[in-house]
Amino acid sequence: MDAKDMGDALEKVLVTEEQIEARLKELAAEIDADYAGKDLLLVGVLKGAVMVMADLARGLSHAAEMDWMAVSSYGAGTTSSGVVRILKDLEADISGRNVLIVEDVIDSGLTLSWLVGNLRSRGPSSVEVCTMVRKPLAFDVDLDVKYIGFDLPNEFIVGYGLDYAEKYRNLPFIGTLAPQVYER
Ligand SMILES: O=P(O)(O)OC[C@H]1O[C@H](OP(=O)(O)OP(=O)(O)O)[C@H](O)[C@@H]1O
Ligand code: HPA
């Protein structure tokens, strides 16, 4: 799916496919350097992180492992409920491991702060966070995010894994939707 397939649903592109690709290369180089000689387990948060996980992992020289969690913090709408439930847990035992959580977006920060606390309680050597997008509300939460793709304003975004009502995850760029989409 691309902009031409969206009809009047696309409002604007905020981050292009080329910008995402270039930034992921930089982040992969940083991660390779930081974890050189160490074990690394990438933990993707389903479903939104699928795209960033796939592209980031392929950009690494490190023989990192991958595992997945699914948590639910959003209902059908566009605001976080703050209540987090584990829908799918990790298969890996992370005690003594270096864990890097891979996310598509940190918005209110509620999902990540809960997830970091949950994973820390399992005795890993380290827990860090990599996100494609961070939004300003996350500054209000005490969260240390080591790898950030883009800081974007407080607007609802779709594409590159991010959905509205489960759609638009398969856009190669990140953008906003025209207001009429929310009224349909
Ligand atoms: O910082 P927060 O306000 O907590 O929001 C961020 C979370 O919301 C999105 O997931 P969502 O629950 O929409 O699930 P999805 O990845 O399956 O779309 C996103 O992937 C993050 O996990
Ligand atoms: O802006 C967003 N878009 C899609 N999903 C999200 N989950 C939190 N914030 C967002």
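This is a short dialogue on reading a predicted model of a protein chain with two ligands.

Me: Where do I start with the fold? How many helices and strands are there in the protein chain?

Reply: Start by counting elements, then read their order. Here the protein chain has three helices and eight strands. Going from the N terminus, they run β-α-β-α-β-β-β-α-β-β-β.

Me: And how do I read the radius of gyration of the protein chain?

Reply: Set it against what a compact globule of that length would give. For 184 residues that would be near 16 Å, and the protein chain has 16 Å, so the two agree. You can add the spans of the C-alpha trace along its principal axes, which are about 50 × 35 × 30 Å. As for burial, 30% of the 184 residues count as buried.

Me: What share of the contacts join residues at least 24 apart?

Reply: Take the contacts between residues at least 6 apart in sequence; 65% of them join residues at least 24 apart.

Me: Can we try that on one residue? Is Leu-119 buried, exposed or partly exposed?

Reply: Count the C-beta atoms around its own. Buried takes 20 or more within 10 Å, and exposed means 12 or fewer. Leu-119 has 18 others within 10 Å, so it comes out as partly exposed. You'll find Leu-119 in helix 3.

Me: Which residues is Leu-119 in contact with, leaving aside its neighbours within four places in sequence?

Reply: Those are Ile-94, Val-99, Pro-124 and Val-127. For a link along the chain, look at Ser-95: it sits 24 residues from Leu-119 in sequence, and their C-alpha atoms are 9.3 Å apart.

Me: On to the ligands. Which residues come nearest to ligand 1?

Reply: List the shell, then pick out its nearest members. Ligand 1 has 19 residues around it, and Lys-47, Gly-48, Asp-107, Ser-108 and Thr-111 come nearest. Next, ask which elements supply the shell. Strand 2 (41–46), strand 3 (65–74), strand 5 (98–106) and helix 3 (110–120) each give two or more residues. Strand 5 has the largest share, with four residues.

Me: So helix 3 turns up again. What about the shell around ligand 1 by class?

Reply: Yes, helix 3 holds Leu-119 and also gives residues to that shell. By class, you get seven nonpolar, seven polar and five charged residues around ligand 1.

Me: And ligand 2: which residues come nearest, and what is its shell by class?

Reply: Read it in the same steps. Eight residues surround ligand 2, with Val-105, Asp-107, Phe-156, Ile-157 and Leu-162 nearest. That shell has six nonpolar residues, two charged ones and no polar ones. Notice Asp-107, which is among the nearest residues for ligand 1 and for ligand 2.

Terms used
Residues numbered from 1 in each chain as written. Chains lettered and ligands numbered in written order. Predicted model: local features only at pLDDT ≥ 70, side-chain atom pairs only at ≥ 80, totals over all residues. Near = placed C-beta within 6 Å. Nonpolar A, V, L, I, M, F, W, Y, C, P; charged D, E, K, R; others polar. Contact = placed C-beta atoms within 7 Å. Rg over C-alpha atoms; globule rule 2.2 N^0.38 Å.
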